[in-house]
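Colleague: I should be grateful for a formal discussion of this model, taken chain by chain.

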Amino acid sequence: MRILCFVLTCILYTQVVFSERLQVVTTYPYIADITEKIGGERVRVIPLARGDYNPHVIIPKPSYIAKLRRADLLIINGAQLEIGWLPPILKQANNGNVQPGERGFLDLSTYMHLIDVPTSVSREQGDVHPEGNPHFCMNPDNILLIAKAITDKLCEIDPESKSLYQTNYTEFEKIWGQKTKEWEEKMNPMKGVKVIEYHKNYDYFLQKYGLIIAGTIEPLPGIPPTSRHIGEVEKLIESEKIRCILQDVYNPKDASEYLSKKLNIKMIIFPQDIGAVKEAEGIISLFDEMVRRITQ
Amino acid sequence: MNFKYVFFILITATASVLGQDDFPVTQSKAGSPFNQSKFVPDISMIVDFSWVSRDIDNGVFSELHMPGFTHHHDKEGHDHSSMNSLKGFNLNYGEISFYSIVDPYFDLFAVLHVAEEHAGLEEAYITTRKLPYGFQVKAGKFLSSFGRLNEQHTHYLDFAERPLVLNAFFGEEGLNELGTRITWVAPTDFYLMLGTEILMGENEASFGTAGFSDVNGLVNIHESENPNLFVGYARSSFDIEETVVLFGFSYAHGKTRMDEGFSASEDEGTAIDASTDILCGDLTVKYIIDAIHNISFQSEYMHRSIDGSLYNRDTSFTVAKNSLERKQAGFYSQLVAKLGLRWRAGVRYDLMNLNDVIIGSTKQNYPENPARYSAMLEYLPTEFSRLRLQVNHDESKYLHTSNGLIYKPYTEFILQLNIAIGAHGAHSF
């Protein structure tokens, strides 16, 4: 009985302590950083996945269930990026406030214009996303749309702090505008440059700055490279002027390294989220680092 | 005034002309105005094939059992739905599942288990979507969340079959019952979930509800009060950096009614009227090495105690009643590693470490410590297809003959192909 009392007291205590601030859970670190910039002191933001892991195949730790249980708001990337790991833990969290369709649920992809929407869908084409390429956060223009969607959502569920959120958004919009100009200038000479990426991770970034995606190391999305496909990429590199291979941090690097050594082409380890490389500490430094690495 | 009318007419005419132009296009886009195809639930199909090589004959294999735990099957056309039971090729099962949000309040999940010649509803249940204070209710027919592995579907298991102890206590289909479940997730920093289930308790391996009586009416045991089975469990988890620790305790209590030919009017038969408690402790430790590699240790220990009466009827219809006490336990431990993007490998050890069966005051002389050793290697082209090679060395099975029990250890190789198509939901940890 005493133990039970103790447990209940602990539970009540934790509830009181944490209820002061709005609990926001985000699936990926980049969403967490933007939310912190808008929410400021009013929110406690908890990202689930790590930025240096494959965002498609996150191991659904039971501790995520505890985080979702107490959330007032859940913000996801959407466009089926989380489909392989989020649905069961969201269901097990027994938190009706953050289920899809509820007020405490925000799917960022619904505010985006997605590219590469397949006209027909078959798993013969590998791990395709029927709604389009889900890595839209790689376009800096989209980050502003995301920040706006998060601001609107925070204002909706916590109208008392509306002015704070709006002030923070205006501030972020200003800084982001300056940074966007800076990146634009730095990326200007890259127009028309051809690159190869491992996975279709960076299409939004590359399209924004006018780079040309000549091919991917993966033969199909989610399918590891085969020797035959690598042979084709080799021919491509030999026949066309390719500047570099963009390799993410979580997929095996052997194929890219092999091509890089054999054909003397640069392989760039390229981040896709905060924490993927140590320099990418926040949403601004993530883009700083991408621009720095590709223009180097 | 007139001008206004003319203007109005012009606008209406233009609109109707434009509308007529649009008409065939909108019609073909929208299809039937009563089209509901957007509401088709998530449907998936899983098919499991295997090729088996075993050093004993199919006939002998189908008669094997673990004395004290599982029964030897008599001639009575026993439906042997065992997986991988034949040497050569096997079509183990097909599984068709449906999932959809019903309305703002419920989700529905249903699984059809399909064999070559028959099909059955394996699971069909609703869950609530937004009960307050961290509660969720499940109702229908479902696999109990008792222990770690019981609620997992066969295609999600790390090995071709369930561990010995699960098969011994719950049968090959697991503890799958009609009933209801309530879970509560604590609003704490670490994961803590408490759950309770009220189930019919018809599981043939440990429970059972139907009454029995002998032909002369000397013994007449009524059917048990239903629902008959109560399950409770607590699960918790914490992370130490990239190591996930998940553990749980489960308890099941129910009445046991088993009739093995006792109520029949020929041969001899036995029946059990008892009360059964099963305790289970489980532990999973997963170390996430990097984005691709991880290694996972998992173990489950179960203890069953059955207390009650055993009725024996011989061919001359005399009935003997004896006290029955069974204290039995077993566990499995497994280590599974993800070796690369497409490779997994694992080993498992099964042991039934307690088998005390006392009838009257006589301890039964059952073989002790039946064990099984397994190893597997998986190749996963995508998340939708899996090829697995498994080796089992089983030292747990015996053959019942007129001369008593004969020990029949065997070794088998299983090459298993598991395929999933359609909209299949993700799996939990």
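The exchange below concerns the two chains and some of their residues.

Modeller: This is a predicted model, in which local features need pLDDT of at least 70 and side-chain atom pairs count only at pLDDT 80 or more, while totals for chains, interfaces and linings use all residues. Residues are numbered from 1 along each chain as its sequence is written, chains are lettered from A and ligands numbered from 1 in the order in which they are written, and side-chain values use heavy atoms, with hydrogens and water left out.

Colleague: What radius of gyration does chain A have, set against the globule rule?

Modeller: Chain A comes to 10 helices and eight strands (DSSP runs, H or I of at least four residues for helices and E of at least two for strands, numbered from the N terminus). The globule rule (2.2 Å times the number of residues to the power 0.38, with the radius taken over C-alpha atoms) gives 19 Å for its 296 residues. The computed value is close to this, so chain A is as compact as a globular protein of that length, with a radius of gyration of 21 Å.

Colleague: Is chain B compact or spread out, and what is its radius of gyration?

Modeller: The secondary structure of chain B comes to three helices and 21 strands. For its 429 residues the globule rule gives 22 Å, and the value for chain B is well over that, so the chain is more spread out than a compact globule. Its C-alpha atoms fill a box of roughly 110 × 55 × 50 Å along the principal axes. The radius of gyration of chain B is 28 Å.

Colleague: What percentage of the residues of chain B count as buried?

Modeller: Buried means under 20% relative accessible area, exposed over 50%, and partly exposed in between, with a 1.4 Å probe and protein chains only. In chain A, the buried part of the 296 residues is 55%. For the 429 residues of chain B, the value is 44%.

Colleague: How many disulfides does the structure hold?

Modeller: A disulfide is a pair of cysteine sulfur atoms within 2.5 Å. Cys137(A) is buried at 6% relative accessible area, and its sulfur cannot form such a bond because the closest cysteine sulfur, in Cys244(A), is 19 Å away. Over all chains, the number of disulfides is zero.

Colleague: Which elements of chain A do the buried residues of α2(A) pack against?

Modeller: Helix α2 spans residues 29-39 of chain A and is mostly covered, nine of its 11 residues being buried. Among them are Tyr30(A), Ile31(A), Ile34(A) and Ile38(A). Just after the helix, Gly40(A) takes a positive phi of about 55°. With contact meaning heavy atoms within 4.5 Å, the packing partners are β1 (22-26), β2 (43-47), β3 (73-76), α5 (140-157), α6 (162-187) and α10 (283-295).

Colleague: Which phi does Gln80(A) have?

Modeller: Ala79(A) lies in the loop between β3 and α4 (86-92) of chain A, and it has a positive phi of about 55° although it is not a glycine. Ala79(A) is buried at 1% relative accessibility, whereas Gln80(A) is partly exposed at 28%. Gln80(A) lies in the loop between β3 and α4; although it is not a glycine, its phi is positive, about 70°.

Colleague: Which residues does Lys253(A) contact, leaving aside neighbours within four places in sequence?

Modeller: Lys253(A) is placed in the loop between β7 (242-247) and α9 (254-263) of chain A. Its relative accessibility of 27% makes it partly exposed. Its contacts are Gln247(A), Asp248(A), Met267(A) and Ile269(A).

Colleague: How far apart in space are Ala345(B) and Met376(B), C-alpha to C-alpha?

Modeller: Ala345(B) is found in strand β15 (residues 343-359) of chain B and is partly exposed at 21% relative accessibility. Not counting residues up to four places away in sequence, Ala345(B) touches Leu335(B), Val336(B), Ala337(B), Leu339(B), Met376(B) and Leu377(B). Ala345(B) and Met376(B) are 31 residues apart in sequence, and their C-alpha separation is 5.6 Å.

Colleague: What is the form of the peptide bond from Asn226(B) to Pro227(B)?

Modeller: Pro227(B) is found in the loop between β9 (220-221) and β10 (229-240) of chain B. The omega of the bond from Asn226(B) to Pro227(B) is near 0°, and the form is cis.
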